[in-house]
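Please examine the sequence and the model shown below before reading on. The paragraphs that follow move from one local feature to the overall architecture and then to further details.

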Amino acid sequence: MAVHRSGPLKQQNKAHKAGRHRGRGSAQRDGKGRVAVKVLSKKARKELSRVDQRHRASQLRKQKKEAILAEKRQLGSKDGPPHQVLLVPLHERVSLGEAVQLLQNTDKKVVPVGEQAGLPSFVLLCPQLKHRWFFTSAKPGDLHTVLDLAKVADTILFILDPVEGWDSTGDYCLSCLFAQGLPTYSLALQGVGDLLPKKQVEAKKKLSKALEKRFPGDKLLHLDTQQDAVLLLRQLANQKQRHLAFRDRRSYLFAHTADFVPSQESSLVGTLKVSGYVRGRTLNVNRLLHIVGHGDFQIKQIDAPADPFPLNPRVIKASKGSDMAMQIDAAGVVEMEEDLKVLVKADPARQESLQSEVVPDPMEGEQTWPTEDELKEAKDFLKERPKVVKKVPKGTSSYQAEWIVDEEDGSSGEEEEDAEAEDFMEEEDSEAEGSEEECETMTIGESVRDDQYDEKIDEEAEEQMLEKYKQERLDEMFPDEVDTPRDIAARIRFQKYRGLKSFRTSPWDPKENLPQEYARIFQFQDFSRTRKRIFKELEEGESEGAEVGWYVTLHVCGVPASVGESFRQGAPLVMFSLLPHEQKMSVLNMVVRRHSGNLEPVKSKEELIFHCGFRRFRASPLYSHHTAADKHKAERFLRPDVALVATVYAPITFPPASVLLFKQKPDGKHSLIATGSLLSVDPDRMVIKRLVLSGHPFKILTKMAVVRYMFFNREDVLWFKPVELRTKWGRRGHIKEPLGTHGHMKCTFDGQLKSQDTVLMNLYKRVFPKWTYDPYVPEPLSWSKDEISPELEVDME
């Protein structure tokens, strides 16, 4: 009798896991406190109960609340710096003098400080509120003063008109301030009591609708009486402070007084003694100091003078008959103060260097000294080399004879050298130079106003602007397309360009064919890691120097005399301490978007004025697409509808930092072009310029076509034969062979062409920005309401 045996395909049922169905509590009881090795090897993760979780959350809330209260109590107190308030009137009907008068007449002690940009500044002391304020003011038309004071102000007080709120100049000022980053701000309304009671309600409703766009949900205060001024001061003292990222990690100082001491060698350079309150973080004497609009400098020493605006000044009462003794004691006190005056001096071994560029070594890329075997091989090669008979002048050595070229050889090197000197925008200007405009005569009646209007117009500037508009329109209609030149061979004119199979996936070495300027800049191996390390050291480390709230005097050495002169003329002096490496030059990439109030064409490599974080400088940016790929297509103009990346040579700045781009007009005024933020510091970010050559099908077969007008000689067709072709209707192909000697070529495509189609060839070249960095930017002229562009007024309405 045969016994049945199970085969290899027998079903295997899963065994029942008996005794393993238990909860977490029973497992913990059985474990008796033992922990698995896998858990011990990782970070100890504490599992809290619900009660402990609630307790920890309440503790975190309490700590945050205490930190906010401590920040409020320190600002404006006797141990902290005065509460700096910037007054900005947003309408021409707002009276800044009346607002200042009301704030000074609030039964508080007023200490006048001086004038900034022609407007008074004063300190307000209030022992009852245990608070002190430092008020400065600026007109909205003076953009540099407003932006510089907003960088260091704790609070900005906007004063509005009860009917219109703000005019076009005020709206333009608000656009710049919002792009730079607003600290804590308040809104005050002036002149409501002058309106009729019925019109007050209508004005408030109209103004509230306008405020919803710029300041949604903000409270509006009045500033018409002394009682309103007292309530406004209480509001400013109790407000929660908003933080700006670029100044929270740096120490900064607003100059109350400045004295320039020329050096012994030259009267143009000397030491600037600047006094003010330390804000932000502890000021380290070994760090570099950046003066906004003037550059980077070193600090020689820090003094600690007496606070000129104490909240509770000490009064020493003298006893009767002890006048002589009091004089001696006072002299002793003065001597002690002089001994303790110097707070800290710079250590030359630890002080950061002012070196901003790498000094390139011209011999760095040279070969080492050849070995004996290499010298022997060179001699043997010279012996075997065939001798050439040349006609040379008498007295010429054999070495000099090697450099003499025979007349038969011909030299095409001059043409190649001329072609290498091309610029980024040369091909766009070639077509416009030879064109002539047609003129037309008209009879116009005489008008005095028209004659006066024509006198103010610069005809040359008008022609240049018209040419820019034409080029921008052509670039929008035919992007990157250029005409092949007929006076020079295409293989010479476009010798720096190459073809790519795919712009996205084809490889391109970022270290290939770098310009000479790249030998002068610094580059990080990993910028994001360096940034995280420096920020972590700021949070954890305790730096030595002047603490926040101290009134100090900085001895800044190597400062030009123009800095002291600008301060004496009323310009504000704002200083920021630099983080490590922030004085070194590199390649900055910034994401920017065109401002809606300016529609003038802006070419690539056109010089602009940058406000990047706390810096202000001139540079010529290069524009490219903002993508996540390794190659980024260059743009010839700053487009109004998309966000582009502006690339410039500039000192290293650690993001986050806001970016504003201004363009200087012929009359000296600055016009806002674009706003954005700092993206990265990366010299390896490749900006690729695309150039499109176009041809037209002459004869069309099934998948073959004869194309002409792309090239004009046979050698160019053979030179560009490996490059892939495409058409505007989506066909792809390649050059098969040239036909004749006039540039006609036979091409094959993946489908039949249409007669109205256009054949294109894409060529690519990596481009780099121009080195035009200039840290000194002079003060622009002030804006008036009539000079604001009409596009901005339409946008405001």
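Which residue takes a positive phi in the hairpin of β28 and β29? In this predicted model, the residue concerned is G740, whose phi is near 70 degrees. The hairpin has 4 residues between its strands. Strand β28 covers residues 732–739 and runs antiparallel to β29, to which 6 bridges join it. Within this pairing, L739 stands opposite H744 of β29. Strand β29, residues 744–749, is also joined by 4 bridges to β26, residues 704–708, and these two strands likewise run antiparallel. Here M704 stands opposite T748 in β29. Strand β29 is thus paired with β28 and with β26.

With this local picture in place, the protein as a whole may be considered. The protein has 21 helices and 31 strands. Of its 797 residues, 42% count as buried. Among contacts between residues at least 6 apart in sequence, 78% join residues at least 24 apart. The accessible surface of the protein comes to about 48100 Å², and carbon and sulfur atoms account for 50% of this area.

The interior may be approached through the nonpolar cores. The largest nonpolar core has 51 residues, of which F158 and F662 touch the most other members. Leaving aside residues up to four places away in sequence, F158 touches V88, L90, L174, L177, L182, Y185, S186, L187, A188 and F215. Apart from this core lies another, of 30 residues, which includes I534, F617, L638 and L661.

Among the helices, α8 offers an example in which both span and burial can be followed. Helix α8 comprises residues 226–238, 13 in number, and reaches 19 Å from its first C-alpha to its last, close to the 18 Å expected at 1.5 Å a residue. Its buried residues are D228, A229, L232, L233, L236 and A237.

The backbone geometry of several loops also deserves attention. Most residues other than glycine have a negative phi, and most peptide bonds are trans. Against this background, H581 has a positive phi near 75 degrees although it is not glycine. H581 is found in the loop between β16 (574–577) and β17 (585–594). Is H581 buried or partly exposed? H581 has a relative accessible area of 25% and is therefore partly exposed, since the buried class ends at 20%.

A contact leads from H581 to a helix: T530 touches both F524 and H581, not counting residues up to four places away in sequence. T530 is placed in helix α18, residues 527–540. Because its relative accessibility is 13%, T530 counts as buried.

A further positive phi, near 65 degrees, belongs to K605, which is also a residue other than glycine. K605 is found in the loop between β17 and β18 (608–612). With a relative accessible area of 16%, K605 falls under the 20% cut-off and so is buried.

The last backbone feature is a peptide bond. Which residues does a cis peptide bond join? The bond lies between P655 and P656, with omega about 10 degrees. P656 is in the loop that lies between β22 (643–651) and β23 (658–664).

Conventions. Residues numbered from 1 in each chain as written. Predicted model: local features only at pLDDT ≥ 70, side-chain atom pairs only at ≥ 80, totals over all residues. Heavy atoms only, no water. Expected span 1.5 Å × (residues − 1). Buried < 20%, exposed > 50% of the residue type's maximum accessible area, 1.4 Å probe, protein only. Core = buried A, V, L, I, M, F, W, Y, C linked by side-chain atoms within 4.5 Å. Contact = heavy atoms within 4.5 Å. Pairing = 2+ DSSP bridges. Areas by Shrake-Rupley, 256 points an atom, 1.4 Å probe, with all protein chains shown as cover.
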